[in-house]
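Here are a few short exercises to work through with the model open. Try each one yourself before reading its solution.

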Protein chains: 2
Amino acid sequence: MEDKSLKEDKKYAADIDSITKAHARIKPYIHKTPVLSSETLNSIAGKSLFFKCECFQKGGAFKFRGASNTVFSLEDEQAAKGVATHSSGNHAAALALAAKMRGIPAYIVIPKNAPKCKVENVRRYGGQIIWCEPTMQSREETANKVLNETGAVLVHPYNDPRTISGQGTLSLEFLDQVPQLDTLIVPISGGGLISGITIGAKSINPGIRVIAAEPKGADDAAQSKASGQIITLAQTNTIADGLRASLGSLTWPIVRDLVDDIITVEDKEIVDAMKLCYEILKVAIEPSGAIGLAAVLSDSFKQNPAFKDSRNIGIVLSGGNVDLGVLWESLHLHG
Amino acid sequence: MEDKSLKEDKKYAADIDSITKAHARIKPYIHKTPVLSSETLNSIAGKSLFFKCECFQKGGAFKFRGASNTVFSLEDEQAAKGVATHSSGNHAAALALAAKMRGIPAYIVIPKNAPKCKVENVRRYGGQIIWCEPTMQSREETANKVLNETGAVLVHPYNDPRTISGQGTLSLEFLDQVPQLDTLIVPISGGGLISGITIGAKSINPGIRVIAAEPKGADDAAQSKASGQIITLAQTNTIADGLRASLGSLTWPIVRDLVDDIITVEDKEIVDAMKLCYEILKVAIEPSGAIGLAAVLSDSFKQNPAFKDSRNIGIVLSGGNVDLGVLWESLHLHG
């Protein structure tokens, strides 16, 4: 089997030192999220499953780890001008919240068609919303205009060493809470979360296996890993609205070299896993958050002999921001 | 103000000693459930709120504490004949699970119209289901027949000292997790949960305030407390299906003497609180589970000068067993 262990001579955007420092930096601001387990889900999966509930993180998703690490890394002078991002997702709310905690402005460029609950989250945390058209061109132009006018720092949702180190702090907590973990299953989108977690977890436990979970309708990471180069998709089609981004220049090398495998799942499997999360685990998550459970219950996982010796599996429930109304329509559509 | 502190000379169905022993007995079997908090909910309430998530308890509700304490209290010979109950609710599933853990049979008499998810829970935990007509007469007759045939022990869902002490273990955990709690808000139905919690919490912290939360459409406890004697209602009308029982002979004296107040809320307030639990706290609960949050957000609580100095409020999210489909219909009906 190919060697997926961390090598000293390879340099990535984060290392155990940057992650440990990030943890010390953000610890006063983040929730140490609990780990839940369920005998019922264990017997369905035939494995011991441990769920790291990042839906209980401040802002409702893991994104606050990276955002707060970036915001609290800034020098005072730079910070005073504020931070900015163009995003309709959990990163926007997380950045607004981190900026509010530091007492600096956050400028959030949001496309007009963004989900209501995510816009409300940004507003709740005091983010200054700048509307744009729902195209990438309009997002970038509007963001550039904001940056020019304010001098704010653009904070990328995943392709930034500070973001990656912040997300990696999850692995320090998780391996401390459940030392016997032999496998981690992590949602993949832009790759910030899995990059930080992979670096952190493999530094602590070189033998640990890290598997990415990706929707079939947005399987750019699986295609990238198969072909050995970053593939971006012209369009995506998945219920998991948080998992539609493409890998970045900083996350790709980590995914390529260190992530052990990528499992892709159908939307139907994501919806089934969501129902289990609500009905068995009693955790309210968004579709993207349920994909790790979908992966461990999929035939691709169960029938792969490479995973036969995975016994204690850590699953990252990455976020819980969902309009209940929209959720229900999705369940009917895909259920 | 009336004295609601524990007196040495009064004898109740549980005391700190029986609760501490129950805790030692059931600790290997229960989850120590996490406490969650949310700045957003704190600002809505104007108080610091701490949510004890018993929806994450085994069986999906606090009931497993009492059921496991009773099952593991039984002598071997008695236990071998099994346990029984007539219930369509969380107690039935909890008893089946506790019996399964001890390796003894559980006979569960269930009315034919019981909610699907609760029947499934009983089946999942290996309970032997005996169907009956949906009347109290048929429930009791069928249960008596089962007891006669099997010699099993009938386990009452709340009017039993072992059950009350088991539920009381929640207070030991909660006050250990959040020592600064000055007020607890606990759902009330048959009174087992609030009785155990009141005895436990006031033994540890005599100054702590314990408030019951009850649906207006099933306000027998509030009426009982107002009139000084147990009132039972001819019928109840509330979305909170777990809160329709009446006080028992063992729980009433504790509620009468030691519970500081009872706040009643409308179903609309329960549904609004449920939505906040799902959308802000990301916790999937049943209507009964949300009533504590509904109470703290109600005008009755906010405008009562007696609660003005309540700052750090512990809210028990008592359970999470709900059919998602039924939930959604309820939200539309009452939302």
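**Exercise 1.** With which residue does Arg65(A) form a salt bridge, and how far apart are the closest N and O atoms?

*Solution.* Bear in mind that this is a predicted model. Start at Arg65(A): its salt-bridge partner is Glu173(A), and the closest N and O atoms are 3.0 Å apart. Next, place both residues in the domain assignment of chain A, where domain 1 covers 16–62 + 160–334 and domain 2 covers 63–154. Between these two domains there are two salt bridges.

**Exercise 2.** Describe how domain 1 and domain 2 of chain A meet.

*Solution.* Begin with the contacts: 27 residues of domain 1 of chain A touch 19 residues of domain 2 of chain A. Then take the area: the two domains bury about 2,000 Å² between them, 53% of it on carbon and sulfur atoms. Arg25(A), Tyr29(A) and Arg162(A) supply 30% of what domain 1 of chain A buries here, more than any other three residues. Finally, count the polar contacts: 14 residue pairs link the domains in this way. On the domain 1 side, the largest share of the touching residues, eight, comes from α8(A).

**Exercise 3.** Classify the aromatic pair of Tyr29(A) and Phe72(A).

*Solution.* The ring centres are 4.0 Å apart and the planes differ by 10 degrees. Planes under 30 degrees apart count as stacked, so this pair is stacked. Tyr29(A) sits in the loop between α1 and β1 of chain A and Phe72(A) in helix α3, so the pair ties together parts 43 residues apart in sequence. As for exposure, Tyr29(A) is partly exposed at 25% relative accessibility, whereas Phe72(A) is buried at 18%.

Definitions and conventions: Residues numbered from 1 in each chain as written. Chains lettered and ligands numbered in written order. Predicted model: local features only at pLDDT ≥ 70, side-chain atom pairs only at ≥ 80, totals over all residues. Heavy atoms only, no water. Phe/Tyr/Trp six-rings, centres within 6.5 Å; stacked < 30°, edge-to-face > 60°. Helix = DSSP H or I, 4+ residues; strand = E, 2+ residues; numbered from the N terminus. Buried < 20%, exposed > 50% of the residue type's maximum accessible area, 1.4 Å probe, protein only. Domains from an automatic or database assignment. Contact = heavy atoms within 4.5 Å. Buried area = accessible area lost by both parts, 1.4 Å probe. Salt bridge = Lys/Arg side-chain N within 4 Å of Asp/Glu carboxyl O. Polar contact = N/O pair within 3.5 Å; in protein donor to acceptor, adjacent residues only side chain to side chain.
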